[in-house]
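Got the viewer open? Take this tour at your own pace, picking out one piece at a time.

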Amino acid sequence: MKKLLCFILILSLLSATAFSVEVPAGTEIVLGLKRHKSQRTMHSKLNAIVKEDVYVNGRLVFVKNSKAEIYILNNKKARFFGRGGSLSLSDGVVYDVNGREHDVKIFEQYTGKNAPFIARFLIFKKGQNVVIYPSQNFVVKLSQKFKI
């Protein structure tokens, strides 16, 4: 009986390692927002979602609509004299099928429109802030490889 249990235990361990998949660094993941976000309401991070399922060797690694975060590196809101805002996004975190977080790389910069030249003479006229819409996709890459 002990031999049978040991055999079953060894067989289960071998099968568990046979199904593990190594997800390479640099795997691309497409992220997006659920709703539009204005620069005025952004603070330190953007809450995002995975827009497309990601498979590696036929195994689902990142499921659509799972949670992700993109960090805000620089957020300068629109200023006086008609100057538009600027926004820089850098790096983030994506959660896999098992709920573990993984670091991702991204660097994007956005600039709001300046006010028309004539309006710049008005001291209190501000430019436009950056607005990111749900149709905007962010392609991020995994920082490190991992096994799932």
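What follows is a walk through a predicted model, starting with its strands and moving on to a pocket and some salt bridges.

**Stop 1: the barrel**

Show the chain as a cartoon and select strands β2, β4, β7, β8, β9 and β11. In that order, these 6 strands close into a barrel, with antiparallel pairing. Look at how they lean: neighbouring strands of this sheet are turned by 35° against each other on average, direction ignored.

**Stop 2: β8 and β9**

Now keep just β8, residues 86-95, and β9, residues 101-111. How many bridges pair β8 with β9? There are 9, and the two strands run antiparallel. For one spot to zoom in on, pick Leu-87, which stands opposite Tyr-110 in β9.

**Stop 3: β11 and its partners**

Move along to β11, residues 138-142. Show its side chains and you'll find two faces. Phe-138, Val-140 and Leu-142 make up the covered face, while Val-139 and Lys-141 sit on the uncovered one.

Next, add the strands that pair with β11. One of them is β2 (residues 28-32), joined to β11 in the antiparallel sense over 4 bridges. Here Ile-29 has Val-140 as its bridge partner, and Val-140 belongs to the covered face of β11. Another is β9, which also runs antiparallel to β11, with 2 bridges between them. On that side, Lys-105 stands opposite Lys-141.

**Stop 4: a salt bridge from β11 to β2**

Stay on Lys-141 and add Glu-28. These two form a salt bridge, and their closest N and O atoms are 3.8 Å apart. Since Glu-28 is in strand β2 and Lys-141 in strand β11, the pair ties together parts that are 113 residues apart in sequence. Buried or exposed, or something in between? Glu-28 is partly exposed, at 48% relative accessible area, and Lys-141 is partly exposed too, at 40%.

**Stop 5: another long-range link**

The model has 4 salt bridges in total, so here's another of them: select Lys-145 and Glu-22. Their closest N and O atoms are 3.7 Å apart. Lys-145 lies in the loop between β11 and β12 (146-147), and Glu-22 lies in strand β1 (residues 22-23), so this salt bridge ties together parts 123 residues apart in sequence. Lys-145 counts as exposed, with 56% relative accessibility, whereas Glu-22 is partly exposed at 39%.

**Stop 6: β7 meets β4**

Now pick Glu-69 and Lys-45. Their side chains meet in a salt bridge, 3.3 Å from N to O. Glu-69 is in strand β7 and Lys-45 in strand β4, and the two residues are 24 apart along the chain. Which of them is buried? Glu-69 is, at 11% relative accessibility, because buried means under 20%. Lys-45 is partly exposed, at 37%.

**Stop 7: the largest pocket**

For the last stop, switch on a surface and select Lys-34, Arg-35, Lys-37, Asn-47 and Ala-48. Of the 13 residues lining the largest pocket, these lie nearest its centre. The pocket holds about 290 Å³ of space. Two elements give two or more residues to the lining: β4 (45-50) and β7 (67-76). The largest share, 5 residues, comes from β4. Colour the lining by class and you'll get 5 nonpolar, 3 polar and 5 charged residues.

How values were computed. Residues numbered from 1 in each chain as written. Predicted model: local features only at pLDDT ≥ 70, side-chain atom pairs only at ≥ 80, totals over all residues. Heavy atoms only, no water. Buried < 20%, exposed > 50% of the residue type's maximum accessible area, 1.4 Å probe, protein only. Pairing = 2+ DSSP bridges. 1 Å grid on protein atoms, 1.4 Å probe; cavity = no way out; pocket = protein on both sides within 12 Å on 5 of 7 lines; lining within 4 Å. Points joined across faces, edges and corners; volume = space filled by probe spheres on them. Nonpolar A, V, L, I, M, F, W, Y, C, P; charged D, E, K, R; others polar. Axes fitted to C-alpha atoms, helices over the stretch in contact; angles between N-to-C directions.
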